[in-house]
Amino acid sequence: MTLTRPRIVVLTGAGISAESGLPTFRDLDGLWRTYRWEELASPEGWRRHPQAVLDFYNQRRAAAWAAQPNAGHRAIAALERGFEVDVVTQNVDGLHERAGSTRVLHLHGEIEYARGTSIRRLRIHLRDQPIVLGQCCADGTQLRPDIVWFGEEVPNIGPAQRLVAMADKVLVVGTSLSVYPAAGLVHHAPPHAEKVVVALDLDTVPGDFRFLRGKAGELLPPLVAEWLHGAGA
Ligand code: OAD
């Protein structure tokens with residue numbers, strides 16, 4: 001007989017990395033309060049002024065590389081001691097992996113990678129290095145950030161939906177749940193699953209989710225300790 005461990009899916013957004021010093025998008029000090037996403041996070045913006053787009057993501061890559069995972073990321077990684085855990089993140093900063101999470105599905109790409117602009121989507125690992133105009137990948141096309149922009153397909157949404165649909169617990173952390181299709185994932189949680197949202201603030205809490213209002217770095221460690229205790233881990 002094989003004993004299977006309960007499955008947890010953790011859906012995260014920019015709020016989980018706020019305590020690592022990385023800005024969110026829609027809070028008062030959020031990126032989209034200063035910058036226009038239409039100019040910097042869309043295929044049209046890239047066509048119109050690629051240098052501005054590269055500058056924006058080069059700065060964000062350097063900031064993400066310099067940041068450290070916080071207590072919230074570490075608590076999520078610790079869940080693996082008692083559960084089968086999949087992290088499904090809208091974040092591009094790589095901090096879940098650096099905190100020790102081993103299964104991380106990225107919905108909106110990864111800032112430390114660049115990709116070509118042909119259909120082949122060849123990727124290269126930049127780490128913290130900038131992309132410059134004229135820099136090409138092996139197929140000869142200009143490199144762009146490996147980020148999913150508004151109006152682009154989200155290739156990992158199908159796998160993410162399937163993970164959520166199999167979960168025993170769904171934990172949502174630090175997302176305003178305002179960008180689709182990622183925001184729609186909560187509706188794939190099975191009726192029997194325990195559902196919790198942790199955020200500083202949230203306009204609309206999805207149906208049968210319990211809302212814990214506060215900072216991820218403060219609320220997640222005790223919640224995770226309680227869940228691990230309940231799982232006998
Ligand atoms: P948002 O900026 O829309 O939402 C951040 C959420 O985190 C808000 O609900 C805050 O209340 C909460 N928050 C802030 N600090 C927190 C903390 N310390 N602890 C817990 N919660 C905190 O960010 P996302 O929902 O991630 O996409 O935004 C979704 C997508 O919009 C991003 O992936 C990005 C952006 O445009 C692309 O760039 C394609």
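Me: In β6, which residue is the bridge partner of Gly109?
Reply: The model is predicted, local features need pLDDT of at least 70, side-chain atom pairs count only at pLDDT 80 or more, and totals for chains, interfaces and linings use all residues. Residues are numbered from 1 along each chain as its sequence is written, and side-chain values use heavy atoms, leaving out hydrogens and water. β4 and β6 pair in the antiparallel sense over three bridges (two strands pair if DSSP finds at least two bridges between them). Within β6, Gly109 is matched by Ile147.

Me: What is the strand order of the open sheet of three strands?
Reply: Elements here are DSSP runs, numbered from the N terminus: helices are H or I over at least four residues, strands E over at least two. The pairing in this open sheet is antiparallel, and the order is β5-β4-β6. Its edge strands, each pairing on one side only, are β5 (123–125) and β6. From one strand to the next the twist averages 55°. 

Me: What angle does the direction of helix α4 make with that of β4?
Reply: Helix α4 (residues 50–66) packs on the sheet and touches β4 and β6. Contact means heavy atoms within 4.5 Å. Axes are lines fitted to C-alpha atoms, for helices over the stretch in contact, and angles between N-to-C directions run from 0 to 180 degrees. For α4 against β4, the angle is about 125°.

Me: Is Pro130 buried, exposed or partly exposed?
Reply: Pro130 sits in the loop between β5 and β6. It touches Asn58, Arg61 and Gln135, not counting residues up to four places away in sequence. Buried means under 20% relative accessible area and exposed over 50%, with partly exposed in between (1.4 Å probe, protein chains only). Because its relative accessibility is 40%, Pro130 counts as partly exposed.

Me: What distance separates the C-alpha atoms of Pro130 and Tyr57?
Reply: The two residues are 73 residues apart along the chain. Their C-alpha atoms are separated by 8.2 Å.

Me: In β8, which residue is the bridge partner of Val170?
Reply: β7 is mostly covered, with five of its five residues buried. Lys169, Leu171 and Val173 point one way, Val170 and Val172 the other. β7 pairs in the parallel sense with β1 over five bridges, and also with strand β8 (residues 194–199) over five bridges. On the β8 side, Val170 is matched by Lys195.

Me: Which strands do the buried residues of α7 pack against?
Reply: Helix α7 covers residues 157–165, and Ile157, Gly158, Ala160, Leu163 and Val164 are buried there. Those residues pack against β1 (7–12), β2 (84–89), β3 (104–106) and β7 (169–173).

Me: How many charged residues are in the lining of the second largest pocket?
Reply: A pocket is an open set of points on a 1 Å grid over the protein atoms alone, with protein on both sides within 12 Å along at least five of seven lines, whereas a cavity is a set where a 1.4 Å probe fits but cannot get out; lining residues have an atom within 4 Å of a point. This pocket has 15 lining residues, and Gly109, Arg121, Asp146, Val148 and Pro155 lie nearest its centre. β4 (109–115) and β6 (144–147) each supply at least two of the lining residues. Besides four nonpolar and three polar residues, the number of charged ones is eight.

Me: What is the volume of the largest cavity?
Reply: Its lining includes Leu11, Val88, Leu107 and Leu185. The space in this cavity is about 50 Å³.

Methods: Ala, Val, Leu, Ile, Met, Phe, Trp, Tyr, Cys and Pro count as nonpolar, Asp, Glu, Lys and Arg as charged, and the others, Gly among them, as polar. Grid points are joined across faces, edges and corners, and a volume is the space filled by probe spheres set on the points.
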